[in-house]
Structures are given as structure tokens and as C-alpha cells.
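Biologist: I have a chain open here and would like to walk through its fold with you. Could you put it up on the screen so that we can talk it over?

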Amino acid sequence: MDTKELLKKVRKIEIKTRRLSNHIFGGEYHSTFKGRGMTFSEVRQYQYGDDVRNIDWNVTARYNEPHIKVFEEERELTMMLMVDISGSEWFGTEQQFKNEIITEIAATLAFSATQNNDKIGLILFTDTIELYIPPKKGRFHVLRIIRELIEFKPKSKQTDITQALQFLSGVMKKKAIVFLLSDFIADDYKQTLKIAANKHDITGIRVYDKREESIPNLGMVQMQDEETGEYMLVNTASKKIRADYGKYHHERVSYFKDTFSKSGAGTIDCRVDESYVTKLLGYFKRRA
């Protein structure tokens, strides 16, 4: 992809996702993810309805009329976007691939955080850590994140969520809001998620295609595993093969939901042909 085409893509995603974050998600994000506590702001005269517990008795005695302490939420937070860029994300039977939807979701979340003056960082992973961008603030930083999401070429095609979570725990010493975006066609990350979720506020966003839920009867079909590169002939007319595939998919989804739930982490399911706006908004409102 040449520079001109890349900039055009980045700009297109910025326009779409900034509009969403400005008009829809900014307030929802703020109310969902609270700051670290309250910090003193100022002293002002008492007004009817104020909490009497906040009266500043020293200032009240000095001016001979009641004054109260005003506190503000200590807002600054850090958001980490952990994005699976393994081979299976380059799949889609609708108008977009999974990785394109993931990029839009990540950009929307990043602009929502920017609107609230929070820092945003990025971890791109496969079965290794492909790229780490430390958390920073500002529009230009978000645009760099979007650019990497669009054009970064991973060295590997396989997936290791455990290693990604271990890396997160290593680089993020303070509590962060973490969004882990993947199709979660993986397992064996239960223990590392539990450890990471004890420290961070984690949400898993599962992005998937409807054709991953079941195989239609198309007779003999040559299929390729996007992560291993292996080709195989599959008899999709076989009821057993279709049933086994459906069972495998169901087990992966159940593992994802059970593991996140038991770790105290949140989950969002988003099919590529569904509105991620509706899914995110619903999740934020439930959380708030």
C-alpha cells in the first residue's frame, strides 16, 4: 500500500470513528470507566442541596458563612488496546474482513479515550508480540495507532493469547482499561487472564464471521487453515463433519465466555455483519 492510499484509509477511518466517539461513546465511556478517585478542586459558598459533610469548617469560621470543599474526579486513565493480528483475522464472507472491523472498533475506543484526556497504548500480537506502542495522549498518537492497525505486517500467523497477557502484565504496572480484540480461536489462557484481570479492567471483544459458526453443505471443498497454511479437502456433505465443526466452534465460544466471566472480565460478541456501535453502546450502558 502506497503512502497516499494509506493516508486516505487512515483519514476515512478517523472521520467515521471520531464522529461515533464524539456523538455516542464519549459520555458513555466517561461514565463507564471511572477515574482513580476524587481530588480537591476548590472552596465555594454553601448552596442549598450541597452535602453538609463537605463543609470546610475553617473557611466557614473565617468568613462567618458556610463554605464547602468541591471535589473533582481524578480522571486520567490509561487504555491499552490488545489486538490479535494472526492469520485467522484475515477472514470474512461479508463485505469486510474481521481485522477491518477490529480496526474500526479499536479506533472508536481510542478516540473515546482521547476525548476524555486518557492515554492510549497498543499491543499487536500473534503467537509473539509483534508491536508495542507505549501509552500516550493526543490525536496524532491515535492516528499512528490506526496506521499500524491498517498496514502492519506480522511475522507470524498463529495465535498465543497467554503470551500477550503476560506481556501486558509486564509492561503495565498500574491499573489500565484493557480491550482485547480477537476471534478467540484459542484456549489455554485461563490462568494468565485471571492474573491480568486481578490488576486491570479487561474486556474481551470477540469479532467473528457467521461462516465460522457452521459449515454449509457444499460437497467436497478445499479449505486452508489461515494460521498454519495447511490445505485440506473437506467433505462438507458429511453430517458428522458439520456437527464436529459446530461443536468445536461452540467449545471455543464457551471457553471464551466462561474464562472471562470467572476472571471478572467483560465480554462483547460482534459478528462482522452486525453493528459494533450497538454492541459497544449496549455494553457501556450495562457497565455504567
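Modeller: One term before we start, as I will lean on it for the helices and strands: a residue is called buried when its relative accessible area is under 20%, and exposed when that is over 50%. Please also keep in mind that this is a predicted model.

Biologist: Fine. How many helices and strands does the protein chain have?

Modeller: There are eight helices and ten strands in the protein chain, and 45% of its 288 residues count as buried. Its accessible surface comes to about 15,600 Å², with 49% of that belonging to carbon and sulfur atoms.

Biologist: Let's take helix α3, then. Is α3 largely enclosed or not, and why?

Modeller: Helix α3 is largely enclosed by the rest of the structure, because 15 of its 18 residues are buried. It covers residues 98–115 and reaches 26 Å from its first C-alpha to its last, close to the 26 Å expected at 1.5 Å a residue. Just after α3 comes N117, which takes a positive phi of about 65°.

Biologist: And how do α3 and α4 lie against each other?

Modeller: Their axes come within 10 Å and cross at roughly 170°, and α3 and α4 are therefore roughly antiparallel to each other. On the α3 side the contact is made by T103, A106, A107, A110, F111 and T114, and on the α4 side by R139, V142, L143, I146, L149 and I150.

Biologist: Now the sheet: in what order do the strands come?

Modeller: The order is β5-β4-β3-β6-β7-β10, so to speak reading across an open sheet of six strands with mixed pairing. At the edges are β5 (129–136) and β10 (266–271), each of which pairs on one side only. On average, neighbouring strands of this sheet are turned by 15° against each other, with direction ignored.

Biologist: Which helix packs on that sheet?

Modeller: Helix α8, residues 276–287, packs on the sheet and touches β6, β7 and β10, while its direction makes about 160° with that of β10.

Biologist: Back to β3. Which strands is β3 joined to, and by how many bridges?

Modeller: Strand β3 (residues 78–84) is joined to β6 (residues 177–182) by five bridges, and to β4 (residues 119–125) by seven; β3 runs parallel to β6 and also to β4. You can follow this at V83, which stands opposite L124 in β4 and opposite L181 in β6, and L81 has F179 as its bridge partner in β6.

Biologist: Are the residues of β3 buried or exposed?

Modeller: Seven of the seven residues of β3 are buried, so the strand is largely enclosed by the rest of the structure. Both of its faces are covered, with T78, M80, M82 and D84 on one side and M79, L81 and V83 on the other.

Biologist: Changing topic, what about α7: what span should its 24 residues have?

Modeller: Helix α7 (residues 239–262) should span 34 Å at 1.5 Å a residue, and its end C-alpha atoms are 34 Å apart, which agrees. Just after α7, G264 takes a positive phi of about 80°.

Biologist: Which residues of α7 are buried, and what covers them?

Modeller: The buried residues of α7 are H249, R252, V253, Y255, F256, T259 and F260, and what covers them includes β6, α6 (190–199), β7 and β10.

Definitions and conventions: Residues numbered from 1 in each chain as written. Predicted model: local features only at pLDDT ≥ 70, side-chain atom pairs only at ≥ 80, totals over all residues. Heavy atoms only, no water. Pairing = 2+ DSSP bridges. Helix = DSSP H or I, 4+ residues; strand = E, 2+ residues; numbered from the N terminus. Axes fitted to C-alpha atoms, helices over the stretch in contact; angles between N-to-C directions. Contact = heavy atoms within 4.5 Å. Expected span 1.5 Å × (residues − 1). Buried < 20%, exposed > 50% of the residue type's maximum accessible area, 1.4 Å probe, protein only. Areas by Shrake-Rupley, 256 points an atom, 1.4 Å probe, with all protein chains shown as cover. Parallel < 35°, antiparallel > 145°, perpendicular 65-115°, else oblique.
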